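Trainee: Hi! Could you walk me through this structure while I have it on screen?
Mentor: Happy to, so let's put it up here.

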Amino acid sequence: MKIESLLSERYIALNLELGTKNQVIDAMLSIVDGHAGIRDNDLLRHDVLRREHEMSTGIGKNIALPHAKTAAVTQPVLALATLRKELNFDSIDNEPVRIIFLLATPEEMLAEHLKLLGRITRLAGRADFRQRLIAATAATEVLDLFREEEKDFPQI
């Protein structure tokens, strides 16, 4: 399993115009609505928001990563969005956000959940990668970028 295999054009939204953290989370949950791996949208929303209330998932470097280990999904669910304008997400570095990943994994997939979080932060932590994500104008560009960057990485 690689990030590029979890993403598809359907779960990528570029240059969204949103004004609040809650709007971002709602938009991310809307993007994955109808995903075959989701068995309970309400529980997914609850678990993502619960995790966000514990501590902001604004991980720094203009990235937010709302996530949950949850019984609401039967397989890993991943979505990505970029924002047209920077947005305050209460990030740990106090910097605004422009790139958002939503990750939900089944509760029993803790190791995979942590590895996916690590892979996302490793890739998106690089300035050149973030710039290419923000500059992308089509979901296919995003998929190609992940495919290229992960080609030498092991499966998760």
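Mentor: What follows is a chat about a predicted model.

Trainee: Does a database record say anything here? Which feature does UniProt place at residues 5-149?
Mentor: The UniProt record, an unreviewed entry, places the feature "domain: PTS EIIA type-2" at residues 5-149. In the model, that span is 43% helix and 23% strand, and its end C-alpha atoms lie 13 Å apart.

Trainee: Cool. Let's look at strands. Is strand 5 buried or exposed?
Mentor: Strand 5 has 11 residues and 8 of them are buried, so strand 5 is largely enclosed by the rest of the structure.

Trainee: Which way do strand 1 and strand 5 run, parallel or antiparallel?
Mentor: They run parallel, and 3 bridges join strand 1 (residues 12-16) to strand 5. Strand 5 and strand 6 (residues 97-105) run antiparallel, with 7 bridges joining them.

Trainee: Can you give me one residue to click on?
Mentor: Try Ala 81 in strand 5, which is the bridge partner of Ala 13. Ala 81 also has a bridge partner in strand 6, namely Ile 100.

Trainee: And the side chains in a strand, where do they point?
Mentor: In a regular strand the side chains alternate between the two faces of the sheet.

Trainee: New topic: the greasy middle. Which residues touch the most other members of the largest nonpolar core?
Mentor: Those are Phe 101, Leu 133 and Phe 146, in a core of 27 residues. Several elements each supply at least two residues of this core, including strand 1, strand 5, strand 6 and helix 4 (110-124). Helix 5 (127-135) and helix 6 (139-150) are also among them.

Trainee: What does Leu 133 touch?
Mentor: Leaving out residues up to four places away in sequence, Leu 133 touches Leu 80, Thr 82, Ile 99, Phe 101, Val 142, Leu 145 and Phe 146. Apart from this core lies another one, of 26 residues, which includes Val 24, Ile 38, Ala 72 and Val 77.

Trainee: Okay, charges now. How many salt bridges are there?
Mentor: The count comes to 12 salt bridges. The general idea is that side chains of opposite charge can pair when their charged atoms come close.

Trainee: Show me one. What does Asp 90 pair with?
Mentor: Asp 90 forms a salt bridge with Lys 21, and the closest N and O atoms are 3.4 Å apart. Asp 90 lies in the loop between strand 5 and strand 6 and Lys 21 in helix 2 (residues 21-32), so the pair ties together parts that are 69 residues apart in sequence.

Trainee: Why is Lys 21 called buried?
Mentor: Because its relative accessible area is 17%, and buried means under 20%. Asp 90 is partly exposed, at 48%.

Trainee: Any others?
Mentor: Glu 150 and Arg 119 meet through their side chains in a salt bridge, 2.8 Å from N to O. Glu 150 sits in helix 6 and Arg 119 in helix 4, 31 residues apart. Glu 150 counts as buried at 0% relative accessibility, and Arg 119 counts as buried at 8%.

Trainee: What about Arg 132, which residue does its side chain meet?
Mentor: Arg 132 meets Glu 149, with 3.6 Å from N to O. Arg 132 is partly exposed, with a relative accessible area of 38%, whereas Glu 149 is buried at 15%. Both belong to a network of salt bridges that links Arg 126, Asp 128, Arg 132, Glu 148 and Glu 149.

Trainee: Let's switch to helix 3. How many residues does it have?
Mentor: Helix 3 (residues 41-54) has 14 residues and reaches 20 Å from its first C-alpha to its last, close to the 20 Å expected. Its buried residues include Leu 44, Asp 47, Val 48, Leu 49 and Glu 52.

Trainee: So what covers the buried residues of helix 3?
Mentor: The cover includes helix 2, strand 4 and strand 6.

Trainee: Last one: where is Thr 74?
Mentor: Thr 74 is in the loop between strand 4 (67-69) and strand 5 (77-87). Thr 74 is partly exposed, with a relative accessible area of 44%. Not counting residues up to four places away in sequence, Thr 74 touches Ala 36, Gly 37, Arg 39 and Pro 106. The C-alpha atoms of Thr 74 and Ala 104 are separated by 9.5 Å, and these two residues are 30 residues apart along the chain.

Key. Residues are numbered from 1 along each chain as its sequence is written. This is a predicted model: local features need pLDDT of at least 70, side-chain atom pairs count only at pLDDT 80 or more; totals for chains, interfaces and linings use all residues. Side-chain values use heavy atoms; hydrogens and water are left out. Helices (H or I, at least four residues) and strands (E, at least two) are DSSP runs, numbered from the N terminus. Buried means under 20% relative accessible area, exposed over 50%, partly exposed in between (1.4 Å probe, protein chains only). Contact means heavy atoms within 4.5 Å. Two strands pair if DSSP finds at least two bridges between them. UniProt positions are given in the numbering used here, feature names are shortened, and annotations may be inferred rather than shown by experiment. A nonpolar core is a set of buried Ala, Val, Leu, Ile, Met, Phe, Trp, Tyr and Cys residues joined through side-chain atoms within 4.5 Å. A salt bridge is a side-chain nitrogen of Lys or Arg within 4 Å of a carboxyl oxygen of Asp or Glu. The expected span of a helix is 1.5 Å times one less than its number of residues.
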